[in-house]
Amino acid sequence: MSAALLRMPLFALGVLVAPAFVVSWIYGARARLDVAEMDPVEQEVAIAAASDEGYCSANLKKVLRRVLQSCGLLSSGDVRGCQPLEVRNVATLHGDDFNALFLPLQDRAGILQFDSADAELDADDRQLLSDVFTDQRGASYFFVVARSSPEGTEAFNRQLSEKRGKAVLEHLRATFPDPDLDKEVGLLWLGEEYAQLQEDFCAWNRSSEECSVTDLNRSAFVAWIDCRL
Amino acid sequence: MRPRIALLLFLLGTLGGIVFCAISAGDFAQHLDRQVHSIHCSILPGGAADITGSSGCHVALMSPYASFFDGWVWGGIPVALPGLALFVFLAYRGVGMWLTGTQHNRAAIALLIVMSGIAALTSVVMGGIALFALETLCKTCIGIYLSSFLCLGAALALLVGAGRDRYEDLAEIDEDDAVTMPFAAPHPVLHILVGFAESAVFVALPLLVYVLFAPDHGRFAGACGTLDKPDDPYGVHVPIGQQTAGVDAIEVFDPLCPACAGFERRLVSSGLAARLKRKAVMFPLDNACNWMISSALHPGACTVSEAVLCAGDQADAVVHWAFENQEAVRAASADDPGAAKKMVVAAFPGLARCVGSADVRARLNRSLRWTVRNKLQVLTPQLYVNGVKLCDEDTDLGLNFALPRLLNRETL
């Protein structure tokens with residue numbers, strides 16, 4: 001075969017092989033890129049968000065929202081606290097139903113038990129409070145529900161309950177310098193007239209060995225709530 | 001070996017080189033669409049593609065050694081592309097010799113030996129990089145290496161065969177011979193020079209086409225979002241790298257995430273780390289502390305993240321250690337949840353009291369909440385330059401192209 005006849009077409013053919021590959025790859029990529037830009041597929045990557053556990057029923061969220069709005073947390077971003085009458089009104093629930101909302105929180109909650117007519121946190125209370133509070137995970141709200149047992153007058157018990165709730169809040173503020181703290185803590189004090197804890201709660205994580213209905217209600221119930229509102 | 005058989009083997013080698021280089025360069029080029037793709041990884045051409053991202057081919061392809069000129073073209077030009085062009089050139093020469101029966105021409109053979117030698121030498125260098133720098137083996141690359149050596153061996157065999165040929169001396173080539181040898185110029189030296197010129201055209205043309213036609217990715221710089229709240233009210237930003245100069249940047253990463261280690265390697269090897277004043281935000285993809293994922297993608301990452309937070313000014317050392325020992329920590333932690341702490345404490349005894357403490361766990365939680373506050377994707381690594389996100393698609397292959405553009409945009 002003549003060299004001259006063979007050389008040029010073979011060269012021309014050979015020299016185009018690699019560019020042909022390149023053109024095919026690049027135009028394929030360009031086409032896919034254009035399609036992706038014109039019709040972006042919904043991102044499958046999750047977005048970082050607070051927890052929203054299965055127990056966050058519509059009813060629980062409704063009560064949480066009402067309590068948090070009425071107690072100042074959602075509207076002002078500050079802890080104001082809810083008094084017993086307010087809680088009853090905003091929750092629009094019977095006391096037992098109100099308590100039932102918190103039953104799914106057994107693994108996340110602690111019951112800080114106070115001495116009679118006392119609002120001081122002892123070492124066991126502080127330890128339990130720290131344990132519960134530092135296990136925030138993705139929770140958005142920390143509820144402190146202070147109570148008092150029925151001995152004494154209703155007014156005294158309301159004051160005592162309020163002191164207990166505020167003692168918890170002050171301890172948290174002093175121990176955990178977190179700029180979000182006041183936006184996270186929902187404070188309620190219930191006195192003796194609403195949502196008293198029953199003996200079922202003896203099985204919960206508590207700061208004292210003693211467990212009667214009276215002991216249970218000289219308390220502050222603390223728990224992170226893994227719900228998004 | 002008979003010259004015809006040697007030439008056949010040579011052509012077989014070029015065919016293997018073309019196929020494996022085309023697979024490798026094609027796998028690389030498909031990423032120009034900024035999407036995630038599987039990568040072929042088989043010693044048999046056409047073998048199944050790897051979708052896990054854990055194969056040696058994936059490591060090699062995503063490494064800084066897989067391309068060049070990556071500051072000019074997004075991702076750079078794949079090293080397999082000039083390889084492909086070289087094998088096509090060798091095939092062109094070999095086919096020509098076959099068709100004209102000139103497999104005995106020493107000048108033509110010498111050219112094949114030189115060019116095959118270049119391919120074989122490149123294979124040795126790239127194989128060494130894969131083995132010693134990347135500590136992996138890429139099956140597709142091995143196909144290229146074997147093809148190179150087959151070409152070189154066959155070309156040498158051709159030379160030996162040519163010794164028994166009627167042309168005992170190249171100077172004896174007469175005018176008629178030159179006419180019957182399509183790839184031999186009248187003078188052997190000229191023949192080789194022409195061959196080099198041809199090979200230069202073969203190699204340069206596809207590179208030029210790649211550079212000219214590759215999509216313009218510059219338009220994506222700065223187009224992937226910003227941080228809503230880059231400030232650090234929780235005190236969870238950890239300084240990493242040099243802090244004396246550069247543009248403020250926030251890097252969100254998991255110390256046990258392989259992509260994060262790869263990102264760090266690219267950042268440092270490119271010299272771009274020196275242009276950033278980086279603060280790290282720990283985002284472990286481990287459900288021991290991170291409620292946003294349902295299983296531990298990187299077991300032990302929470303503990304190692306705590307160690308980074310505990311280390312303060314020494315965080316660099318912990319991060320470096322974590323990147324170097326990722327696989328071992330992940331494997332040990334998958335079997336024993338306490339293994340990561342033991343390994344961290346063995347490497348950094350001074351952190352023993354801090355790792356696992358309530359304080360640092362709360363701090364890590366705040367770090368995660370910082371990502372919630374900024375509504376970040378549950379994805380690592382993420383880099384924000386002056387609060388502007390480097391696109392996720394640009395954190396590996398496109399880093400050297402995209403980050404300088406983002407930096408220039410932010411320093412204007």
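Pro381 of chain B is found in the loop between α13 and β8, the latter covering residues 382-385. In this predicted model, a cis peptide bond joins Thr380(B) to Pro381(B), with omega at about -5°. As a general matter, most peptide bonds are trans, and most residues other than glycine have a negative phi.

That brings me to two backbone angles. Glu135(B) is not a glycine, yet its phi is positive, at about 55°. Glu135(B) is found in the loop between α4 and α5 (139-162) of chain B. Is Glu135(B) buried or exposed? It has 9 C-beta neighbours inside 10 Å, and therefore counts as exposed. In chain A, Ala117(A) likewise has a positive phi, near 55°, and is a residue other than glycine. Ala117(A) has its place in the loop between β1 (109-113) and α6 (123-134) of chain A. Because 13 other C-beta atoms lie within 10 Å, Ala117(A) is partly exposed.

I turn next to helix packing in chain B. Two packed helices are described by the angle between their axes and the distance between the axes. Helix α4(B), residues 106-133, and helix α7(B), residues 188-213, pack at an angle of about 40°, and their axes are 9 Å apart. The two helices are therefore oblique to each other. The crossing in which α4(B) passes α7(B) is right-handed. Which residues make the contact? From α4(B) they are Ala107(B), Ala108(B), Ala110(B), Leu111(B) and Met115(B). From α7(B) they are Pro188(B), His191(B), Ile192(B), Gly195(B) and Ser199(B). By class, this contact of α4(B) with α7(B) comprises 7 nonpolar and 3 polar residues, with no charged residues.

Helix α7 also leads us to the interface between the chains. Here 46 residues of chain B are in contact with 35 residues of chain A. On the side of chain B that touches chain A, at least two residues each come from α1 (3-29), α3 (80-100), α6 (175-180), α7 and α13 (358-373). Which helix gives the most to this side of chain B? It is α3(B), with 9 residues. By class, the side of chain B that touches chain A has 32 nonpolar residues, 9 polar residues and 5 charged residues.

Beyond α7 in chain B, Gly222(B) has its place in the loop between α7 and β5 (238-240). Gly222(B) is partly exposed, because 18 other C-beta atoms lie within 10 Å. The C-alpha atoms of Gly222(B) and Lys389(B) are separated by 6.3 Å, although these residues are 167 residues apart along the chain. If its neighbours within four places in sequence are left aside, Gly222(B) is in contact with Val388(B), Leu406(B) and Arg409(B).

I close with helix α14 of chain B, residues 399-411. At 1.5 Å a residue, its 13 residues should span 18 Å, and the end C-alpha atoms are indeed 18 Å apart, so the two agree. Which residues of α14(B) are buried? They are Leu399(B), Asn400(B), Phe401(B), Ala402(B), Leu403(B), Arg405(B), Leu406(B) and Leu407(B). Among the elements that cover these buried residues are β6 (247-253), α8 (258-270), β8 and β9 (388-389) of chain B. One of the buried residues, Leu406(B), is also in contact with Gly222(B). As for β8, it covers buried residues of α14(B) and bounds the loop in which Pro381(B) is found.

How values were computed: Residues are numbered from 1 along each chain as its sequence is written. Chains are lettered from A and ligands numbered from 1 in the order in which they are written. This is a predicted model: local features need pLDDT of at least 70, side-chain atom pairs count only at pLDDT 80 or more; totals for chains, interfaces and linings use all residues. Axes are lines fitted to C-alpha atoms, for helices over the stretch in contact, and angles run from 0 to 180 degrees between N-to-C directions. Helices (H or I, at least four residues) and strands (E, at least two) are DSSP runs, numbered from the N terminus. Angles under 35 degrees count as roughly parallel, over 145 as roughly antiparallel, 65 to 115 as roughly perpendicular and the rest as oblique. A crossing is left-handed if the near helix is turned anticlockwise from the far one by less than a right angle, and right-handed if clockwise. Two residues are in contact if their C-beta atoms, placed from the backbone, lie within 7 Å. Ala, Val, Leu, Ile, Met, Phe, Trp, Tyr, Cys and Pro count as nonpolar, Asp, Glu, Lys and Arg as charged, and the others, Gly among them, as polar. A residue is buried if 20 or more other C-beta atoms lie within 10 Å of its own, exposed if 12 or fewer, and partly exposed in between; C-beta atoms are placed from the backbone. The expected span of a helix is 1.5 Å times one less than its number of residues.
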